[in-house]
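Visitor: I should like to learn how the features of a protein model are read, beginning with a single helix. Please take me through the case at hand.

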Amino acid sequence: MLEQVSEFLWWECLWLPKNVSWSDLQDGDGLVYARPSHLYLALPCAFALLLVRYLFERYLASPLAEAWGIRDRRRLPPEPSCALDAYFCHTSHCPSQAEVRSLCKKTSWSERRVQVWFRRRRNQDRAGLCKRFCEASWRCTFYLFAFLGGILALYDKPWLYNLRDVWDGFPKQSMLPSQYWYYLMEMGFYLSLLLSLTFDVKRKDFKEQVVHHIATLTLLAFSWASNYIRIGTLVMATHDSADILLEGAKILNYAKWKRSADAMFVVFTLIFALTRMVILPFWLIHCTWVYPVERFEPFFGYYFFNAMLVVLQILHFYWGLLISKMLYKCLFSTLEGDERSDEEEEDRSDEEEEGKDPPKKENQRLDHTTSCRPRGRANGI
């Protein structure tokens with residue numbers, strides 16, 4: 001049974017063009033071809049990156065946050081209540097008005113007191129500013145080194161300057177060591193992001209992030225197995241370029257360097273639009289959609305790879321819409337959060353709980369993401 005499954009999984013018609021077999025991609029004459037087994041190290045690499053991330057955030061990002069005066073906001077704990085805690089854990093984090101009245105009867109509390117309890121309880125589960133700063137610092141550092149590594153792997157390759165060369169000799173294109181390490185680190189990174197999603201700052205586009213990471217890993221693994229390596233490296237470098245600026249903008253924003261954060265966010269928006277809305281669909285997807293059929297008949301891998309790229313492009317349009325809204329607020333109004341943020345709610349004073357007007361405080365809400373009082377990875381690959 002397993003042999004039949006394996007035979008079907010590696011059926012040559014799924015992965016390779018017509019009249020090409022796995023035997024044509026055997027190593028020899030000093031040439032090494034990509035094989036799926038090469039990617040087995042992606043999982044150990046992901047765990048290694050999680051360890052490196054832990055050490056980076058603990059011994060570099062956290063001291064830097066302290067030096068820059070980045071501290072978590074003080075949060076008042078909710079009053080002890082077994083009934084409300086059980087409702088919060090098993091039913092809803094945000095009860096409706098009718099549910100609040102029902103809870104008032106169970107607890108003999110006023111509506112205001114129940115609402116304050118839920119607000120404070122929700123805030124307990126939200127990540128603090130230091131955690132957000134550490135996450136942004138780690139991602140910015142990785143994207144910077146990944147982008148530089150991609151440039152080193154691509155700058156002297158003819159297909160960087162002429163996309164038709166991407167398919168020159170396909171699929172009999174030997175693997176280069178720089179391509180292997182570039183793929184391994186990128187796959188390990190996105191696998192580590194997928195493994196850490198439950199522990200990272202949770203955003204409103206959590207489901208979109210899961211789809212993005214899975215689509216990215218699927219694209220990378222499939223492109224490696226099908227020897228779509230050249231176009232794969234171009235797609236990765238295109239995505240990393242904008243992500244550096246996004247994470248850098250968040251870092252500046254958390255450090256309260258608003259003007260620098262706003263300026264970087266504007267630059268990020270331009271680079272995002274150029275790479276994700278122009279280069280990716282009109283150059284790279286065009287390259288994978290049009291040029292291959294000039295050289296060989298379409299096969300399953302051709303359709304599958306292009307379909308996954310289209311999924312990524314749809315996600316980019318979604319994030320592009322959110323980014324455009326943030327840019328508008330940045331330029332024409334004040335932006336206190338991000339369209340993607342799961343924002344912390346104002347924690348009001350005891351006077352407000354009793355129905356009195358609390359003393360006004362300036363700018364209590366923390367900015368939560370991208371710059372421009374920004375936040376959040378609009379990300380892409």
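Guide: Let us begin where a helix ends. This is a predicted model, and in it helix α5 is followed by S108, whose phi is positive, near 65°.

Visitor: Which residues of helix α5 are buried?

Guide: Helix α5 spans residues 97–107, and its buried residues are V100, L103, C104 and T107.

Visitor: Why do the buried residues of α5 line one face of the helix?

Guide: The general idea comes first. An α-helix has 3.6 residues a turn, so residues three or four places apart point the same way. In this structure, a view down the axis of α5 places its buried residues within an arc of 110°, and they therefore line one face of the helix.

Visitor: Which exposed residues does the face of α5 turned away from the buried side carry?

Guide: That face carries A98, K105 and K106, which are exposed.

Visitor: What covers the buried residues of α5?

Guide: The cover includes α4, residues 82–90, and α6, residues 111–124.

Visitor: Let us turn to the surface. Which residues make the nonpolar surface patch?

Guide: A patch is read by asking how much of a residue remains accessible. Here L51, Y54, L55, Y59 and L60 make a nonpolar surface patch of about 550 Å². One of these residues, L55, lies in helix α3, which covers residues 42–67. With a relative accessible area of 39%, L55 counts as partly exposed, because that class lies between the buried limit of 20% and the exposed limit of 50%.

Visitor: How many helices and strands does the protein have?

Guide: The protein has 13 helices and zero strands. Of its 381 residues, 50% count as buried. The accessible surface comes to about 19,300 Å², and 61% of that surface belongs to carbon and sulfur atoms.

Visitor: Among contacts between residues at least 6 apart in sequence, what share joins residues at least 24 apart?

Guide: The share is 82%.

Visitor: Finally, which elements have the lowest and the highest mean pLDDT?

Guide: Confidence is read for the whole chain and then for its parts. The mean pLDDT of the protein is 81, and 83% of its residues reach 70 or more. Among the elements, α3 has the highest mean, 94, whereas helix α13, residues 350–353, has the lowest, 41.

Visitor: Where does pLDDT stay under 50, with 143 contacts beyond four places in sequence?

Guide: That stretch is residues 347–381. Residues 335–344 also stay under 50, and for them the model has 54 contacts beyond four places in sequence.

Methods: Residues numbered from 1 in each chain as written. Predicted model: local features only at pLDDT ≥ 70, side-chain atom pairs only at ≥ 80, totals over all residues. Heavy atoms only, no water. Buried < 20%, exposed > 50% of the residue type's maximum accessible area, 1.4 Å probe, protein only. Helix = DSSP H or I, 4+ residues; strand = E, 2+ residues; numbered from the N terminus. Arc of directions from axis to C-beta. Contact = heavy atoms within 4.5 Å. Patch = residues over 30% accessible without salt bridge, like charges linked within 9 Å, V, L, I, M, F, W, Y side chains within 5 Å. Areas by Shrake-Rupley, 256 points an atom, 1.4 Å probe, with all protein chains shown as cover. Salt bridge = Lys/Arg side-chain N within 4 Å of Asp/Glu carboxyl O. pLDDT = per-residue confidence, 0-100.
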